[in-house]
Amino acid sequence: MRLLRCRPRPTGTAILALLILLAACASLDGGVAVTAPRTGQPSDAAASGIDHVTAVGHDPKIVVRSSTLNFLVAARGELNYNSANRCLELMIAGSPPAGLVWPKGTTPTQINGKRGVTVPDIGNILQGSSMALVGGFEKWGKSKPFGYKVDGDIDCLTHAPNGDVFVIGSVEKVGV
């Protein structure tokens, strides 16, 4: 009987696979604008493994992360304002709304009665706008997932239907 040996794939193959995945994500209607700061400094999450999330604003209320680390899941949806809890949500056709964790530096805004956010290097994204996102889904529910430290009242995440939250790494406004 002959034993088979498994050899690890060369690093070059892994890098090529990652480049193909990134190219696929960038093909969403002209690309995805990356909101990570243009600095060579690693975020505190990269060093500690903990991403700080902070509640910001009152109407609308948003949650912003401290890290610039990114996930590789692409999603398209519409920004929705939930007047019951004053939170912004991601609406994806055929799915319940998902809570949102915005990139570092994002601030809540209101323009002509519409609620939304101002994202660094992107600009304003208001309720009703279509968005292309790159990030990742997390389950929050009544407790936070591993790897997050919470500052402030993050009820926009803990009260998300089904506990679904999209942690945004990069975003592009693609429609009104």
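A cavity is a set of grid points where a 1.4 Å probe fits but cannot get out. The model explored here is predicted.

**Exercise 1. The cavities**

Find how many cavities of 30 Å³ or more the structure has, then describe the second largest.

*Solution.*
- Step 1: Search the whole structure. Two cavities of 30 Å³ or more turn up.
- Step 2: Take the volume. The second largest cavity comes to about 30 Å³.
- Step 3: List the lining. N85, C87, E89, G99, C156, H159, A160 and P161 line this second largest cavity.
- Step 4: Sort the lining by type. Four of its residues are nonpolar, three are polar and one is charged.

**Exercise 2. The disulfide**

Locate the disulfide and state which parts of the chain it ties together.

*Solution.*
- Step 1: Count. The structure holds one disulfide.
- Step 2: Identify the partners. The sulfur atoms of C87 and C156 are 1.8 Å apart, and the two residues form the disulfide. The cut-off for such a pair is 2.5 Å.
- Step 3: Read the handedness. The angle about the S-S bond is -80°, and the link of C87 and C156 is left-handed.
- Step 4: Place the ends. C87 belongs to strand β4 and C156 to helix α3 (residues 155–158), so the bond joins parts 69 residues apart in sequence.
- Step 5: Check burial. C87 and C156 are both buried.
- Step 6: Link back to the cavity. C87 and C156 are also among the residues lining the second largest cavity.

**Exercise 3. The largest nonpolar core**

Work out which residues of the largest nonpolar core touch the most other members, and which elements supply the core.

*Solution.*
- Step 1: Find the hubs. The core has 18 residues, and W102 and M131 touch the most other members.
- Step 2: Trace the elements. Two or more residues each come from β2 (62–65), β3 (73–82), β4 (87–91), β5 (98–102), β7 (114–119), β9 (130–139) and β11 (164–175).
- Step 3: Follow W102. Beyond four places in sequence, W102 contacts I62, V63, V64, R65, L79, V117, V119, M131 and I168.
- Step 4: Look elsewhere. Another core, of 12 residues, lies apart from the largest one; V53, W140, C156 and L157 are among its members.

**Exercise 4. The setting of G116**

Decide whether G116 is buried or exposed, and name what it touches.

*Solution.*
- Step 1: Place the residue. G116 sits in strand β7.
- Step 2: Apply the cut-off. Buried means under 20% relative accessible area. G116 has 0%, so G116 is buried.
- Step 3: List contacts. Leaving out residues up to four places away in sequence, G116 touches P60, L79, L88, T107, P108, T109, I125, L126 and Q127.
- Step 4: Compare sequence with space. G116 and D59 are 57 residues apart in sequence, and their C-alpha atoms are 9.4 Å apart.

Conventions. Residues are numbered from 1 along each chain as its sequence is written. This is a predicted model: local features need pLDDT of at least 70, side-chain atom pairs count only at pLDDT 80 or more; totals for chains, interfaces and linings use all residues. Side-chain values use heavy atoms; hydrogens and water are left out. A nonpolar core is a set of buried Ala, Val, Leu, Ile, Met, Phe, Trp, Tyr and Cys residues joined through side-chain atoms within 4.5 Å. Buried means under 20% relative accessible area, exposed over 50%, partly exposed in between (1.4 Å probe, protein chains only). Helices (H or I, at least four residues) and strands (E, at least two) are DSSP runs, numbered from the N terminus. Contact means heavy atoms within 4.5 Å. On a 1 Å grid over the protein atoms alone, a cavity is a set of points where a 1.4 Å probe fits but cannot get out, and a pocket is an open set with protein on both sides within 12 Å along at least five of seven lines; lining residues have an atom within 4 Å of a point. Grid points are joined across faces, edges and corners, and a volume is the space filled by probe spheres set on the points. Ala, Val, Leu, Ile, Met, Phe, Trp, Tyr, Cys and Pro count as nonpolar, Asp, Glu, Lys and Arg as charged, and the others, Gly among them, as polar.
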